[in-house]
Amino acid sequence: MSALFNFQSLLLVILLAICTCTYVRSVAPRLVDRNKEGFLGLFFMAARIGERLSPYVALACISMAGALLLQ
């Protein structure tokens, strides 16, 4: 089943994208910062979300991991 049709999988993909973009921005900031507009701007916005809301993103990752382990 596609991740677009399963809500839990969609949330997992979004969380992984946010965490990945934040990590890439911390390692190579020019790679993410040069694309602030357009489709690739979504990666810049995901990195910003990961930086500014990091405690909430971490809690969401932990709760998602718990839900997957209990499933």
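The exercises below work through the fold, the core, the surface and the salt bridges of this chain.

The model is a predicted one, in which local features need pLDDT of at least 70 and side-chain atom pairs count only at pLDDT 80 or more, while totals for chains, interfaces and linings use all residues. Residues are numbered from 1 along each chain as its sequence is written, and side-chain values use heavy atoms, with hydrogens and water left out.

**Exercise 1. Describe the overall architecture of the chain.**

Step 1. The secondary structure amounts to four helices and zero strands, where helices (H or I, at least four residues) and strands (E, at least two) are DSSP runs numbered from the N terminus; along the sequence this reads α-α-α-α.

Step 2. Taken along the principal axes, the C-alpha atoms fill a box of roughly 40 × 25 × 15 Å.

Step 3. Of the contacts with a separation of 6 or more, 53% are between residues 24 or more positions apart, a contact being heavy atoms within 4.5 Å.

Step 4. The UniProt annotation "transmembrane region", from an unreviewed entry, covers residues 53-70; such annotations may be inferred rather than shown by experiment. Over residues 53-70 the model is 94% helix and 0% strand, with the end C-alpha atoms 26 Å apart.

**Exercise 2. Identify the largest nonpolar core and the helices that supply it.**

Step 1. Of the 71 residues, 18% count as buried, that is, under 20% relative accessible area, with exposed meaning over 50% and partly exposed lying in between (1.4 Å probe, protein chains only).

Step 2. A nonpolar core joins buried Ala, Val, Leu, Ile, Met, Phe, Trp, Tyr and Cys residues through side-chain atoms within 4.5 Å. The largest one has nine residues, namely Leu 15, Ile 18, Cys 21, Val 32, Phe 44, Ala 46, Ala 47, Val 57 and Met 64, and the elements giving two or more residues to this core are α1 (7-27), α3 (41-52) and α4 (54-70).

Step 3. Leaving aside residues up to four places away in sequence, Ala 46 touches Ala 17, Ile 18, Cys 21 and Thr 22.

**Exercise 3. Locate the nonpolar patch on the surface.**

Step 1. The chain exposes about 5,500 Å², of which carbon and sulfur atoms supply 70%; accessible areas come from the Shrake-Rupley method with a 1.4 Å probe.

Step 2. Phe 39, Leu 40, Leu 42, Phe 43 and Met 45 form the patch, with about 520 Å² of accessible area together. Patch residues have over 30% relative accessible area and no salt bridge, nonpolar side chains being joined within 5 Å.

Step 3. Leu 40 lies in the loop between α2 (29-33) and α3, and is partly exposed at a relative accessible area of 42%.

**Exercise 4. Trace the salt bridges and show how they connect.**

Step 1. Side chains of opposite charge can pair when their charged atoms come close. The structure holds three salt bridges, each a side-chain nitrogen of Lys or Arg within 4 Å of a carboxyl oxygen of Asp or Glu.

Step 2. Arg 25, buried at a relative accessible area of 15%, pairs with Asp 33, the closest N and O atoms being 2.7 Å apart.

Step 3. Arg 25 also pairs with Glu 51, with the closest N and O atoms 2.4 Å apart. Arg 25 belongs to α1 and Glu 51 to α3, so this pair ties together parts that are 26 residues apart in sequence.

Step 4. Arg 48 and Glu 51 form a salt bridge whose closest N and O atoms are 3.8 Å apart; both lie in α3, three residues apart, about one turn of the helix. Through shared partners, Arg 25, Asp 33, Arg 48 and Glu 51 are joined into one network.

Conventions
Patch = residues over 30% accessible without salt bridge, like charges linked within 9 Å, V, L, I, M, F, W, Y side chains within 5 Å.
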